[in-house]
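Student: I would like to learn how to read a sheet and a helix in a model. Please go through them with me.

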Number of protein chains: 2
Amino acid sequence: MKAAKAASTAPATDFDMVYAWSPSPSAQTLSLPEQIAERIGNAIIQGRYEPGARIQEQDVADQFQVSRGPVREALRILERDGLVQIHARRGAQVTQLNVGEVNDLFEVRISLIGLAARLAAERRDPEFLAKMRAGVERISEIAKNGDADAYTNAVYRQNLLLAEGSGNRFLRNMVFSLAHQTLRYSRLGLSTPKRRAQSMRNWRLLLAAIQGNAPKAAQEAAEKLVRDSRDTAVKMLRQEKVE
Amino acid sequence: MKAAKAASTAPATDFDMVYAWSPSPSAQTLSLPEQIAERIGNAIIQGRYEPGARIQEQDVADQFQVSRGPVREALRILERDGLVQIHARRGAQVTQLNVGEVNDLFEVRISLIGLAARLAAERRDPEFLAKMRAGVERISEIAKNGDADAYTNAVYRQNLLLAEGSGNRFLRNMVFSLAHQTLRYSRLGLSTPKRRAQSMRNWRLLLAAIQGNAPKAAQEAAEKLVRDSRDTAVKMLRQEKVE
DNA sequence: TTTTGTAATATTGTCGACAATTAACAGGCC
DNA sequence: GGCCTGTTAATTGTCGACAATATTACAAAA
């Protein structure tokens, strides 16, 4: 990535970095493979790559004007985050999940977001509480006026915030990874205003539980939140026969 | 890994592969980087590498008689599993955790093993039930006659079995990864016969819950199992001032 | 003795080339 | 016509060399 311009094959719009990312401690200088992984990863979770699409090393290398070495490592990083699958001697492709797998992914996410909520409710870090309140405000606002994309985005970020608030680095990384992998499908589950209103109420409940110093209630609220999301997403996938 | 001999720097004993491994579906042909990662990973979780020890690419390359390319990828794989940490331009080192991080790791493990137990209890796959019974038998036997190492090993494998029994691929991989990362410390928590007896009783309880078709009870039993393990391990670490 | 600056060394990062493997395709055979 | 098989093209896998960077050793000064 010698020149910051790059972007030739990928869609022209360079609105990368919309999404937070990776186990990166914060804003430190990322290595070349990490930068590449970040760009491609963002493209994937934003849906600019189709599920199942092959990613060829040389293509990416040309695109970023580097050799295949760093690209190879970038693909390994993306594999770690579940965004691509690498088959030996067959290259990498954007992860493609069937309904059952999406369900499984959400199942784990439900459990871990519950844990994160409980831990966050136990810690009650002032800074976190403030961000949480602001986030729920934003979510409510968008639920009334915004569109599905904006809402999904806001909820996504609130999930990351909650994971941060747990104060558990490992949990944080796992929730981040799961959020990335399921973003595509969460979006599907928030496409109707009705669902967004329901989701918004859940977030308010969760916030109340955290503020009310009720870790157990917070856990349950967070679990319900994701469970509702899953139920809708899976139902829609089944109807669409996206098996 | 042209020659199966290798092993020069690493301790002579080549009792690798004692531990199950990786998201590998089963016994399929592993790629070269995967093979290397597996060998080094086994060495790490068996404690043949000290925490914090640096792993130099050229050393490993010489050891396996390959170039640094595959080694680099192997290290990325190990990073994914949390066994090594890679710092840009500073190379890889065996992950070293302080007490707080060990606690955090177990916290997540408690939650996920609980989920695995619940799912396994809901599925009740006949083959899984049989293996589970056999495993608990084995554990009981070793609790009476065996030593700490044998017991730790048996319990470790039972954890993997439980993860498999959940039928959830993503959960399985996460539990595997967590089991690898915490094996070192679990061993610490099972060093007294008293603790092993307690652990054994927990496993019996879990088995009973699964057989008794009580998912909720299974979840709680599994959580208690790992929680007890964590409590002892963390307590011992604190005493040792391994901060 | 401790600290600090500089040089030497060791190690990681990246590259381009070649080897090995897989996938695509054309031609022959049943 | 469909299926097998050998050839060709495309793609991944591995390697050794060089560049960039970090670590260490050492010496000089405080």
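**Sheet and helix**

Tutor: In chain A, 3 strands (DSSP runs of E, at least two residues, numbered from the N terminus) form an open, antiparallel sheet in the order β1-β3-β2. β1 (54–55) and β2 (84–87) of chain A are at the edges with a single partner strand each, so one side of each has no neighbour in the sheet. This is a predicted model, in which local features need pLDDT of at least 70 and side-chain atom pairs count only at pLDDT 80 or more, while totals for chains, interfaces and linings use all residues. Residues are numbered from 1 along each chain as its sequence is written, and chains are lettered from A and ligands numbered from 1 in the order in which they are written.

Student: Over how many bridges do β1(A) and β3 of chain A pair?

Tutor: Strands of a sheet pair through backbone hydrogen bonds, either parallel or antiparallel. Pairing here requires that DSSP finds at least two bridges between two strands. β1(A) and β3 (residues 91–94) of chain A pair in the antiparallel sense over 2 bridges. A:A92 in β3(A) is the bridge partner of A:I55.

Student: Which residues are buried in α9(B)?

Tutor: An α-helix has 3.6 residues a turn, so residues three or four places apart point the same way. Helices are DSSP runs of H or I, at least four residues. A residue is buried if 20 or more other C-beta atoms, placed from the backbone, lie within 10 Å of its own. The buried residues of α9(B) include B:A218, B:A222, B:L225 and B:S229. The buried residues of α9(B) pack against α4 (99–123), α7 (169–189) and α8 (193–211) of chain B.

Key. A residue is buried if 20 or more other C-beta atoms lie within 10 Å of its own, exposed if 12 or fewer, and partly exposed in between; C-beta atoms are placed from the backbone. Two residues are in contact if their C-beta atoms, placed from the backbone, lie within 7 Å.
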